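Hi there,

Here is the structure I promised to pass on. Have a look at it first, and then read on for what turned up.

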Amino acid sequence: MKDGGRKQGAMSPCAACKLLRRRCAEDCVFAPYFPADEPHKFASVHKVFGASNVNKMLQELPEYQRSDAVSSMVYEANARVRDPVYGCVGAISSLQQQVDVLQTQLALAQAEVVHMKLSQVSTSSEQLKAVPATSNSSSENLSPSSKLAKTLFAMDMVVDQPNMGVSLWSC
(Lines give C-alpha, C1' and ligand atoms only; values in the text may rest on other atoms or scores of the structure.)
Protein backbone atom coordinates (compact mmCIF):
# COMPACT_ATOMS: atom_id res chain seq x y z
CA MET A 1 0.00 0.00 0.00
CA LYS A 2 1.09 3.56 -0.65
CA ASP A 3 1.24 6.02 2.23
CA GLY A 4 -1.90 7.78 1.01
CA GLY A 5 -4.06 4.71 1.50
CA ARG A 6 -4.48 3.86 -2.19
CA LYS A 7 -3.73 0.37 -3.32
CA GLN A 8 -1.80 -0.24 -6.51
CA GLY A 9 -4.42 -0.39 -9.29
CA ALA A 10 -7.37 0.06 -6.92
CA MET A 11 -8.02 3.68 -7.92
CA SER A 12 -7.74 4.81 -11.51
CA PRO A 13 -6.09 8.20 -12.10
CA CYS A 14 -8.30 11.20 -12.68
CA ALA A 15 -8.91 12.39 -16.23
CA ALA A 16 -6.31 15.15 -15.84
CA CYS A 17 -3.53 12.85 -14.68
CA LYS A 18 -4.46 10.30 -17.32
CA LEU A 19 -4.26 12.94 -20.10
CA LEU A 20 -1.04 14.40 -18.70
CA ARG A 21 0.37 10.86 -18.29
CA ARG A 22 1.38 11.26 -14.71
CA ARG A 23 0.69 9.46 -11.48
CA CYS A 24 -2.41 10.70 -9.67
CA ALA A 25 -1.47 11.60 -6.11
CA GLU A 26 -3.82 11.29 -3.17
CA ASP A 27 -4.01 15.09 -2.87
CA CYS A 28 -4.42 15.72 -6.62
CA VAL A 29 -6.22 19.04 -7.07
CA PHE A 30 -7.85 17.81 -10.29
CA ALA A 31 -9.24 14.48 -9.02
CA PRO A 32 -12.46 15.73 -7.36
CA TYR A 33 -13.46 17.78 -10.41
CA PHE A 34 -12.23 15.76 -13.38
CA PRO A 35 -13.19 12.12 -12.77
CA ALA A 36 -11.70 9.36 -14.90
CA ASP A 37 -15.06 8.60 -16.54
CA GLU A 38 -15.34 12.15 -17.98
CA PRO A 39 -12.08 12.71 -19.89
CA HIS A 40 -13.64 15.16 -22.35
CA LYS A 41 -14.10 17.75 -19.59
CA PHE A 42 -10.42 18.05 -18.80
CA ALA A 43 -9.39 17.68 -22.45
CA SER A 44 -11.28 20.80 -23.50
CA VAL A 45 -10.21 22.78 -20.41
CA HIS A 46 -6.58 21.76 -20.96
CA LYS A 47 -6.76 22.71 -24.63
CA VAL A 48 -8.05 26.23 -23.86
CA PHE A 49 -6.48 27.13 -20.51
CA GLY A 50 -3.55 24.75 -20.03
CA ALA A 51 -3.06 22.40 -17.10
CA SER A 52 -0.73 24.64 -15.11
CA ASN A 53 -3.12 27.62 -15.33
CA VAL A 54 -6.06 25.48 -14.23
CA ASN A 55 -3.94 24.13 -11.37
CA LYS A 56 -3.02 27.67 -10.26
CA MET A 57 -6.64 28.88 -10.47
CA LEU A 58 -7.95 25.96 -8.44
CA GLN A 59 -5.28 26.27 -5.75
CA GLU A 60 -5.96 30.00 -5.32
CA LEU A 61 -9.66 29.38 -4.66
CA PRO A 62 -11.23 28.12 -1.44
CA GLU A 63 -12.42 24.53 -1.77
CA TYR A 64 -16.11 25.46 -1.63
CA GLN A 65 -15.74 27.59 -4.82
CA ARG A 66 -13.69 25.14 -6.88
CA SER A 67 -16.61 23.11 -8.20
CA ASP A 68 -18.31 26.21 -9.59
CA ALA A 69 -15.03 27.42 -11.06
CA VAL A 70 -14.50 24.09 -12.82
CA SER A 71 -18.04 24.18 -14.20
CA SER A 72 -17.40 27.69 -15.54
CA MET A 73 -14.07 26.67 -17.07
CA VAL A 74 -15.62 23.64 -18.75
CA TYR A 75 -18.44 25.77 -20.16
CA GLU A 76 -16.07 28.47 -21.42
CA ALA A 77 -13.67 25.88 -22.85
CA ASN A 78 -16.47 24.13 -24.76
CA ALA A 79 -17.71 27.48 -26.06
CA ARG A 80 -14.15 28.41 -27.13
CA VAL A 81 -13.74 25.10 -28.94
CA ARG A 82 -16.95 25.78 -30.89
CA ASP A 83 -16.25 29.47 -31.45
CA PRO A 84 -12.55 30.30 -30.91
CA VAL A 85 -13.01 34.05 -31.39
CA TYR A 86 -16.04 34.90 -29.26
CA GLY A 87 -16.60 31.88 -27.00
CA CYS A 88 -19.40 32.47 -24.48
CA VAL A 89 -19.88 36.03 -25.65
CA GLY A 90 -20.93 34.77 -29.07
CA ALA A 91 -23.58 32.54 -27.50
CA ILE A 92 -24.79 35.36 -25.28
CA SER A 93 -24.94 37.76 -28.23
CA SER A 94 -26.94 35.28 -30.28
CA LEU A 95 -29.41 34.77 -27.43
CA GLN A 96 -29.71 38.54 -26.92
CA GLN A 97 -30.58 38.97 -30.61
CA GLN A 98 -33.27 36.31 -30.25
CA VAL A 99 -34.66 38.12 -27.20
CA ASP A 100 -34.75 41.40 -29.15
CA VAL A 101 -36.63 39.78 -32.05
CA LEU A 102 -39.12 38.16 -29.67
CA GLN A 103 -39.68 41.43 -27.80
CA THR A 104 -40.41 43.16 -31.11
CA GLN A 105 -42.87 40.44 -32.06
CA LEU A 106 -44.52 40.70 -28.64
CA ALA A 107 -44.86 44.48 -28.93
CA LEU A 108 -46.44 44.12 -32.38
CA ALA A 109 -48.86 41.48 -31.10
CA GLN A 110 -49.82 43.67 -28.13
CA ALA A 111 -50.40 46.63 -30.44
CA GLU A 112 -52.60 44.47 -32.65
CA VAL A 113 -54.65 43.34 -29.64
CA VAL A 114 -55.14 46.95 -28.54
CA HIS A 115 -56.14 47.91 -32.09
CA MET A 116 -58.66 45.06 -32.21
CA LYS A 117 -60.14 46.07 -28.84
CA LEU A 118 -60.42 49.68 -29.96
CA SER A 119 -62.19 48.65 -33.16
CA GLN A 120 -64.62 46.55 -31.09
CA VAL A 121 -65.28 49.52 -28.81
CA SER A 122 -65.89 51.86 -31.74
CA THR A 123 -68.26 49.32 -33.29
CA SER A 124 -70.19 48.98 -30.05
CA SER A 125 -70.34 52.78 -29.62
CA GLU A 126 -71.83 53.11 -33.11
CA GLN A 127 -74.44 50.55 -32.10
CA LEU A 128 -75.18 52.57 -28.95
CA LYS A 129 -75.83 55.68 -31.03
CA ALA A 130 -78.40 53.80 -33.11
CA VAL A 131 -80.35 52.50 -30.05
CA PRO A 132 -82.57 55.17 -28.35
CA ALA A 133 -82.41 55.47 -24.56
CA THR A 134 -85.49 53.88 -22.95
CA SER A 135 -84.89 54.21 -19.20
CA ASN A 136 -83.74 56.98 -16.90
CA SER A 137 -80.93 55.20 -15.00
CA SER A 138 -77.81 57.31 -14.47
CA SER A 139 -75.48 55.08 -16.50
CA GLU A 140 -77.85 55.02 -19.46
CA ASN A 141 -78.23 58.84 -19.53
CA LEU A 142 -74.58 59.22 -20.52
CA SER A 143 -73.80 60.50 -23.97
CA PRO A 144 -72.32 57.99 -26.47
CA SER A 145 -68.89 59.68 -26.25
CA SER A 146 -68.79 59.38 -22.45
CA LYS A 147 -69.91 55.75 -22.75
CA LEU A 148 -67.03 55.19 -25.15
CA ALA A 149 -64.58 56.83 -22.73
CA LYS A 150 -65.92 54.75 -19.85
CA THR A 151 -65.52 51.58 -21.93
CA LEU A 152 -61.98 52.55 -22.96
CA PHE A 153 -60.89 53.15 -19.38
CA ALA A 154 -62.58 50.01 -18.12
CA MET A 155 -61.01 47.66 -20.61
CA ASP A 156 -57.70 45.95 -20.02
CA MET A 157 -55.16 47.64 -22.30
CA VAL A 158 -52.82 44.61 -22.37
CA VAL A 159 -50.28 46.18 -20.07
CA ASP A 160 -47.94 43.84 -18.29
CA GLN A 161 -48.38 45.21 -14.76
CA PRO A 162 -45.23 43.70 -13.13
CA ASN A 163 -43.02 45.16 -15.86
CA MET A 164 -44.75 48.52 -16.14
CA GLY A 165 -42.14 51.22 -16.58
CA VAL A 166 -39.56 48.80 -18.00
CA SER A 167 -38.92 49.50 -21.63
CA LEU A 168 -39.21 46.64 -24.08
CA TRP A 169 -36.31 48.09 -26.02
CA SER A 170 -33.77 48.30 -23.23
CA CYS A 171 -31.05 45.70 -22.92
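**What surrounds helix α3**

The buried residues of α3 are covered by, among others, α1 (15-20), α2 (39-49) and α4 (63-82). Please keep in mind as you read that this is a predicted model.

Which residues of α3 are the buried ones? Within this helix, which runs over residues 51-60, they are A51, V54 and L58. They lie on the same side of α3, because the arc they cover around the axis is only 65°. The general rule behind such a pattern will be familiar: an α-helix has 3.6 residues a turn, so residues three or four places apart point the same way. Turn to the other side of α3 and you will find K56, Q59 and E60, which are exposed.

**The core**

L58 comes up again in the largest nonpolar core, which has 20 residues. Together with F30 and F34, L58 touches the most other members of that core. Each of α1, α2, α3 and α4 supplies at least two of the core residues, and α4 gives the largest share, with five.

F34 deserves a closer look. Is F34 buried or exposed? It is buried, at a relative accessible area of 0%. Setting aside neighbours within four places in sequence, F34 is in contact with C14, A15, A16, K41, F42, V45, V54, V70 and V74. One of these contacts, V54, is also among the buried residues of α3.

**Aromatic rings**

How many aromatic pairs does the structure hold? There are three. One of them joins F34 and F42 in an edge-to-face arrangement, with 5.1 Å centre to centre and 75° between the planes. F42 counts as buried too, with 0% relative accessibility. Ring pairs also bring in F30, so that F30, F34 and F42 are linked into a cluster.

**Where α2 meets α4**

Finally, try viewing the model with α2 and α4 in front of you. Their axes come within 8 Å and cross at roughly 70°, which means α2 is roughly perpendicular to α4. On the α2 side, the residues that take part are K41, S44, V45, K47, V48 and F49. They meet M73, V74, E76, A77, N78, R80 and V81 of α4. You may recognise K41, V45 and V74 here, since F34 is in contact with these residues as well.

Happy browsing, and do write back with any thoughts.

Best wishes

How values were computed
Residues are numbered from 1 along each chain as its sequence is written. This is a predicted model: local features need pLDDT of at least 70, side-chain atom pairs count only at pLDDT 80 or more; totals for chains, interfaces and linings use all residues. Side-chain values use heavy atoms; hydrogens and water are left out. Buried means under 20% relative accessible area, exposed over 50%, partly exposed in between (1.4 Å probe, protein chains only). Helices (H or I, at least four residues) and strands (E, at least two) are DSSP runs, numbered from the N terminus. The arc is that of the directions from the helix axis to the C-beta atoms. Contact means heavy atoms within 4.5 Å. Rings of Phe, Tyr and Trp (its six-membered ring) pair if their centres lie within 6.5 Å; planes under 30 degrees apart count as stacked, over 60 as edge-to-face and the rest as tilted. A nonpolar core is a set of buried Ala, Val, Leu, Ile, Met, Phe, Trp, Tyr and Cys residues joined through side-chain atoms within 4.5 Å. Axes are lines fitted to C-alpha atoms, for helices over the stretch in contact, and angles run from 0 to 180 degrees between N-to-C directions. Angles under 35 degrees count as roughly parallel, over 145 as roughly antiparallel, 65 to 115 as roughly perpendicular and the rest as oblique.
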